Amino acid sequence: MKTPAHAATPAVTLPPTPPGGIHEPTVYVVRSGEDPWIDAELQEVRDGLVETVHELRAEIAVSENGIADLLRDSGEGAGDDQADTGTKNFEREHEMSLTNNARGMLVQSEKALRRLADGTYGACESCGSAIGKARLQAFPRATLCVTCKQREERR
């Protein structure tokens, strides 16, 4: 079921966070040979995720308004030729695709914040092994270790 373009993006309430927004660094798993997480690293990841959530919510709101405008304009093109109609359809589909992508990233970012708040951040959701600090610092929304991600992509 598709979400109508005019529907507002639901506001997701993030879970209450521990003091400072993170647990003690020793709660978060790391791969062997990696240094344990420190407060500053975890806070940097959390701050980046919070900023991303705010940016994505704003982007989605703008996109939804744009989609609504495109949908409104699609009914006014009675005199348009086929090329104009095709262009309008392409623009609408493209905008909807970008909005859906932003929604997916928003869900992933909010999930990463919940995992930081509940102490499960850094553990692979498939096998339970550590995802790896370097991977999480580069891609803080990661939920799978490299091995499990490669396995998932082969399917």
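1. Glu125 counts as partly exposed, its relative accessibility being 39%, and in this predicted model the residue takes part in a salt bridge with Lys111, where the closest N and O atoms are 3.0 Å apart. Glu125 sits in the loop between helix 2 (82-118) and helix 3, whereas Lys111 belongs to helix 2, so that the pair, 14 residues apart, links distant parts of the chain. Lys111 is likewise partly exposed, with a relative accessible area of 30%.

2. The contact between Glu125 and Lys111 should be read together with Arg115, since salt bridges that share partners join Lys111, Arg115 and Glu125 into one network. For the structure as a whole, the count comes to 6 salt bridges, and two others are taken up in the points that follow.

3. A salt bridge also connects Glu41 with Lys133, the closest N and O atoms of this pair being 2.9 Å apart. Because Glu41 lies in helix 1 (residues 39-74) and Lys133 in helix 3 (residues 133-138), the pair ties together parts that are 92 residues apart in sequence. As for its surroundings, Lys133 is buried, its relative accessible area of 9% falling under the 20% cut-off.

4. Within helix 4 (residues 146-154), Glu152 and Lys149 are 3 residues apart, which is about one turn of the helix. These two residues form a salt bridge whose closest N and O atoms are 3.1 Å apart. Glu152 is partly exposed, with a relative accessible area of 38%, and Lys149 counts as partly exposed too, at 29% relative accessibility.

5. On the surface, a negative patch is formed by Glu44, Asp47, Glu51, Glu55 and Glu59. Of these residues, Glu59 is found in helix 1, the helix that spans residues 39-74 and also holds Glu41. Glu59 is partly exposed, with a relative accessible area of 40%; that value is over 30%, and so Glu59 meets the accessibility cut-off for belonging to a patch, which further requires that a residue have no salt bridge.

6. For a reader going through the model by eye, the three pairs described above can be located as follows. The pair Glu41 and Lys133 runs from helix 1 to helix 3, the pair Glu125 and Lys111 runs from the loop between helix 2 and helix 3 to helix 2, and the pair Glu152 and Lys149 stays inside helix 4.

Technical notes
Residues numbered from 1 in each chain as written. Predicted model: local features only at pLDDT ≥ 70, side-chain atom pairs only at ≥ 80, totals over all residues. Heavy atoms only, no water. Salt bridge = Lys/Arg side-chain N within 4 Å of Asp/Glu carboxyl O. Helix = DSSP H or I, 4+ residues; strand = E, 2+ residues; numbered from the N terminus. Buried < 20%, exposed > 50% of the residue type's maximum accessible area, 1.4 Å probe, protein only. Patch = residues over 30% accessible without salt bridge, like charges linked within 9 Å, V, L, I, M, F, W, Y side chains within 5 Å. Areas by Shrake-Rupley, 256 points an atom, 1.4 Å probe, with all protein chains shown as cover. Lys, Arg positive; Asp, Glu negative; His and termini not counted. Charge placed at Lys NZ, Arg CZ, Asp CG, Glu CD.
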